[in-house]
Amino acid sequence: MKKEIDFGKRLAYGCLRLPIVEAGFVAPGFRDDSNVDEAAWQKIVDRGMANGYNYFDTSWFYHNGNSERAIGHCVADRYPRESFILSDKMPVKFMKDGSEMEPIFEEQLKKCHVDYFDFYLIHAISSETYDKWTKEGLFDFLVKKREEGKYREFGLSLHETPEFLDRILTEHPEVDFVMLQINYLDWDSPAIRSRELYETAVRHGKPIVVMEPCKGGTLANPPEEAVKLMKDYNPDASIASWAYRFVGSLPGVRVVSVGMPRMEFLEDNMKTFDNFQPLNDEEYKILDQVTDIINSKTAIPCTNCKYCEEACPFDIPSGDYFQLFNDYYRMTESSDYNDVCTPAITYGFMKERRAGADKCVACGKCEKVCPQHLDIANLLKEKIAGELYSHNPDSMLTDKTDEMGKPE
């Protein structure tokens, strides 16, 4: 095991989002992310590794377990162990009790084809589950694994309040670093509170790994007014690069984890991180304006991380539906009826093959694991099954047919 860790250019492969094999036409908007396109990802890995980008962050349930396998095949089987950095996580929110800790940890090593991790994190521990997992011996188990040389640094990945982060770091100083959702849109968000979370970690002297720096792609595809502001200032910079430079400019940020399922994403990100330039005061002011614009155009602040889908007993793809609603919401100012209707039509196709929003029984399992703290059940009922589907031709035809069948 290496004695020192070189973080190099501070860009990590976020293996929540890998290239996938498209299964042919199923329905507009339908996507099964379990079948990783390892041939395509191998090219991305090789290109990045050749240029010094060697940090990979994964987890147990990413791509239905196939993210770890892809790392085994495309990274560990092809490169010497000391040449890459690997981070994995204990998936406590999908575990029943402490008896699962040892078999899951060992299975992760096997799937990744390694005999140790560089970093190992508790994945998405929450204030609701913290006491349970403390009693189950999770912290003691992971400290023991670190002492055994099974990993090098102990981390926390969480979507919680600054108050909870402060509590857990105070009670467990053995934690080496934290992984936090930070981006310019969430920086002062009252729901996410990224700034306060960042400041809490800094106050405790913990290095930070950033996740969701582009908020699930939202910050790479902002409204046209926002794009114009950024392009007018710097026409050569990609829109995504603004998001990565925001988090990379923060003192204490060790590395930025980025989903790169396409080669062009890696190429663009290498341009940003090869010769990293912090934001200047004028650029910060532009991002303040961009934030206001995006907030005015986004109805549901979902990143489509799939956590809710994993937890849902009916396999409702809520994140996909919320993306469709945001597309619809941004199009409602158009005078073209088809612009407004397209997301509703796509939803109609999807609900024929996946559980529709109307199948939600409000059990609350999805909301317990939602990193964005969304009221998912009500959003499915009101925004998807209600407002969005009301613009679907099938829905309108049904209404007209019912009306036609009424006696005069």
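**Exercise 1. Two packed helices**

Task: In this predicted model, find which residues of α2 meet which residues of α3, then decide how the two helices are oriented to each other.

Solution:
- Start with the contact. On the α2 side, look for E68, R69, I71, G72 and A76; their partners in α3 are Q108, K111 and C112.
- Sort these residues by character. The contact of α2 with α3 holds three nonpolar, two polar and three charged residues.
- Now turn to the geometry. Two packed helices are described by the angle between their axes and the distance between the axes.
- Helix α2 covers residues 66–76 and helix α3 residues 101–112; they pack at an angle of about 40°, and their axes are 6 Å apart.
- Compare that angle with the cut-offs: under 35 degrees counts as roughly parallel, and 65 to 115 as roughly perpendicular. The pair α2 and α3 is therefore oblique.

**Exercise 2. Positive phi outside glycine**

Task: Take H63, and say where H63 is found and whether H63 counts as buried or exposed. Then do likewise for N304.

Solution:
- H63 has a phi near 50°, which is positive although the residue is not glycine.
- Place H63 along the chain: the residue is in the loop between β2 (55–57) and α2.
- Buried means under 20% relative accessible area. With 3% relative accessibility, H63 is therefore buried.
- N304, another residue other than glycine, has a positive phi near 55°.
- N304 sits in the loop between α11 (281–297) and α12 (307–311).
- The relative accessible area of N304 is 14%, so N304 is buried.

**Exercise 3. The second largest pocket**

Task: Describe the second largest pocket by its space, its lining residues and the helix that gives the most to the lining.

Solution:
- Begin with the volume: the second largest pocket has about 510 Å³ of space.
- Its lining has 25 residues, and the closest to the centre are S126, E128, T129, K368 and V369.
- Next, look at the helices. At least two lining residues come from each of α4 (130–135), α12 and α15 (365–369).
- With four residues, α15 gives the most to this lining.
- By character, the lining of the second largest pocket has 12 nonpolar, six polar and seven charged residues.

**Exercise 4. A charged residue in a strand**

Task: Work out whether E153 is buried or exposed, and which residues are in contact with E153 once neighbours within four places in sequence are left aside.

Solution:
- Locate E153 in strand β5, residues 151–157.
- Its relative accessible area is 18%, so E153 counts as buried.
- Leaving aside neighbours within four places in sequence, the contacts of E153 are I5, D118, F119, Y120, D176, F177 and R254.

Conventions
Residues are numbered from 1 along each chain as its sequence is written. This is a predicted model: local features need pLDDT of at least 70, side-chain atom pairs count only at pLDDT 80 or more; totals for chains, interfaces and linings use all residues. Side-chain values use heavy atoms; hydrogens and water are left out. Axes are lines fitted to C-alpha atoms, for helices over the stretch in contact, and angles run from 0 to 180 degrees between N-to-C directions. Angles under 35 degrees count as roughly parallel, over 145 as roughly antiparallel, 65 to 115 as roughly perpendicular and the rest as oblique. Contact means heavy atoms within 4.5 Å. Ala, Val, Leu, Ile, Met, Phe, Trp, Tyr, Cys and Pro count as nonpolar, Asp, Glu, Lys and Arg as charged, and the others, Gly among them, as polar. Buried means under 20% relative accessible area, exposed over 50%, partly exposed in between (1.4 Å probe, protein chains only). On a 1 Å grid over the protein atoms alone, a cavity is a set of points where a 1.4 Å probe fits but cannot get out, and a pocket is an open set with protein on both sides within 12 Å along at least five of seven lines; lining residues have an atom within 4 Å of a point. Grid points are joined across faces, edges and corners, and a volume is the space filled by probe spheres set on the points.
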